[in-house]
Amino acid sequence: MTKVTIKKTERHYLCRMFKKGTRLYSIFSAKCPVCHEGKVFTYKNTFHPSKFDKMEDKCSVCGHKYEMETGFFYGAMYVAYALTVAISVATFVITYLIYNDTPYWVYIINILAVLIILAPVNYRAGRIIWMNLFSSYKPDVLEKHQKSKLKNE
Ligand SMILES: [Zn+2]
């Protein structure tokens with residue numbers, strides 16, 4: 001068996017991909033797409049049946065409004081749809097690799113089960129990816145927000 005080694009430069013590249021300041025950091029940590037500090041979802045538990053969809057209206061740290069315009073999150077359905085297709089294809093391939101020759105209903109049941117279990121993840125990922133398409137990281141946003149807060153006081 002060959003040992004998979006990651007070169008030092010590749011490891012640094014992987015680390016940089018998920019570092020604060022990148023969209024992937026915001027997506028995987030479910031943090032505000034503008035300041036990467038404030039949380040997007042009210043409850044941490046993704047799999048809570050009645051609370052997984054509760055979102056903050058705006059970022060508690062920088063004040064960025066998450067729903068940028070009325071109906072903004074309708075677009076998140078397209079992202080969630082794409083994720084659904086990707087998950088379905090992946091489940092199909094894994095089912096094929098495990099069972100190889102099996103009736104079609106096994107595929108359908110497996111795909112449905114995985115989609116139902118991952119529905120909250122899909123919902124949240126769809127929204128946070130959609131938000132990241134329209135907002136980007138601004139490192140100086142915190143200073144500006146604090147200055148404007150001081151002015152208003
Ligand atoms: Zn923020």
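Colleague: Why does Ser 136 count as exposed?

Modeller: In this predicted model, Ser 136 has 11 C-beta neighbours inside 10 Å. A residue is exposed if that count is 12 or fewer, so Ser 136 counts as exposed.

Colleague: Where does Ser 136 lie?

Modeller: Ser 136 lies in the loop between H5 and helix H6, which covers residues 141-152. Its C-alpha atom is separated by 21 Å from that of Leu 83, and the two are 53 residues apart along the chain.

Colleague: What makes Tyr 43 partly exposed?

Modeller: Tyr 43 has 13 other C-beta atoms within 10 Å. Exposed needs 12 or fewer and buried needs 20 or more. The value of 13 falls in between, so Tyr 43 is partly exposed.

Colleague: Which residues is Tyr 43 in contact with, leaving aside its neighbours within four places in sequence?

Modeller: They are His 48, Lys 51 and Lys 54. Tyr 43 itself is found in the loop between helix H2 (23-29) and helix H3 (76-99). The C-alpha atom of Leu 112, 69 residues apart from Tyr 43 along the chain, is separated from that of Tyr 43 by 26 Å.

Colleague: How do you know whether His 36 is buried or exposed?

Modeller: His 36 has 23 C-beta neighbours inside 10 Å. The cut-off for buried is 20 or more, so His 36 counts as buried. The place of His 36 is in the loop between H2 and H3. His 36 is a residue other than glycine with a positive phi, near 60 degrees.

Colleague: What is the phi of Asn 100?

Modeller: The phi of Asn 100 is positive, about 60 degrees, although Asn 100 is not a glycine. Asn 100 follows H3, and its place is in the loop between H3 and H4.

Colleague: Why is Asn 100 called exposed?

Modeller: Asn 100 has 7 other C-beta atoms within 10 Å. Exposed means 12 or fewer, so Asn 100 is exposed.

Colleague: How do you know that the span of H3 agrees with what its 24 residues should give?

Modeller: At 1.5 Å a residue, H3 should span 34 Å. The end C-alpha atoms of H3 are 34 Å apart, so the span agrees.

Colleague: What does the same check give for H6, with its 12 residues?

Modeller: H6 should span 16 Å, and its end C-alpha atoms are 17 Å apart, which agrees. H6 is hardly covered, with zero buried residues.

Colleague: Which residues of H5 are buried?

Modeller: They are Arg 124, Gly 126, Arg 127, Ile 128 and Met 131. What covers them includes H2 and H3. H5 runs over residues 119-134 and has 16 residues. From its first C-alpha to its last H5 reaches 23 Å, close to the 22 Å expected.

Colleague: At what angle do H3 and H4 pack, and why is H3 called oblique to H4?

Modeller: H3 and H4 (residues 104-117) pack at about 135 degrees, with their axes 9 Å apart. Roughly perpendicular ends at 115 degrees and roughly antiparallel is over 145. The angle fits neither, so H3 is oblique to H4. The contact is made by residues including Ile 87, Thr 91 and Phe 92 of H3 and Tyr 107, Ile 111 and Val 114 of H4. H3 passes H4 in a right-handed crossing.

Colleague: What makes H3 oblique to H5?

Modeller: H3 and H5 pack at an angle of about 125 degrees, with their axes 8 Å apart. That angle is again past 115 degrees and not over 145, so H3 is oblique to H5. H3 passes H5 in a right-handed crossing. Among the residues that meet are Ala 76, Val 79 and Leu 83 in H3 and Tyr 123, Gly 126 and Trp 130 in H5.

Colleague: What is the radius of gyration of the protein chain, set against a compact globule of 153 residues?

Modeller: The protein chain has 20 Å, but such a globule would have a value near 15 Å. The C-alpha atoms fill a box of roughly 70 × 45 × 25 Å along the principal axes. Of the 153 residues, 11% count as buried.

Colleague: How many helices and strands does the protein chain have?

Modeller: The protein chain has six helices and zero strands.

Key: Residues are numbered from 1 along each chain as its sequence is written. This is a predicted model: local features need pLDDT of at least 70, side-chain atom pairs count only at pLDDT 80 or more; totals for chains, interfaces and linings use all residues. Helices (H or I, at least four residues) and strands (E, at least two) are DSSP runs, numbered from the N terminus. The radius of gyration is taken over C-alpha atoms; the globule rule is 2.2 Å times the number of residues to the power 0.38. Two residues are in contact if their C-beta atoms, placed from the backbone, lie within 7 Å. The expected span of a helix is 1.5 Å times one less than its number of residues. Axes are lines fitted to C-alpha atoms, for helices over the stretch in contact, and angles run from 0 to 180 degrees between N-to-C directions. Angles under 35 degrees count as roughly parallel, over 145 as roughly antiparallel, 65 to 115 as roughly perpendicular and the rest as oblique. A crossing is left-handed if the near helix is turned anticlockwise from the far one by less than a right angle, and right-handed if clockwise.
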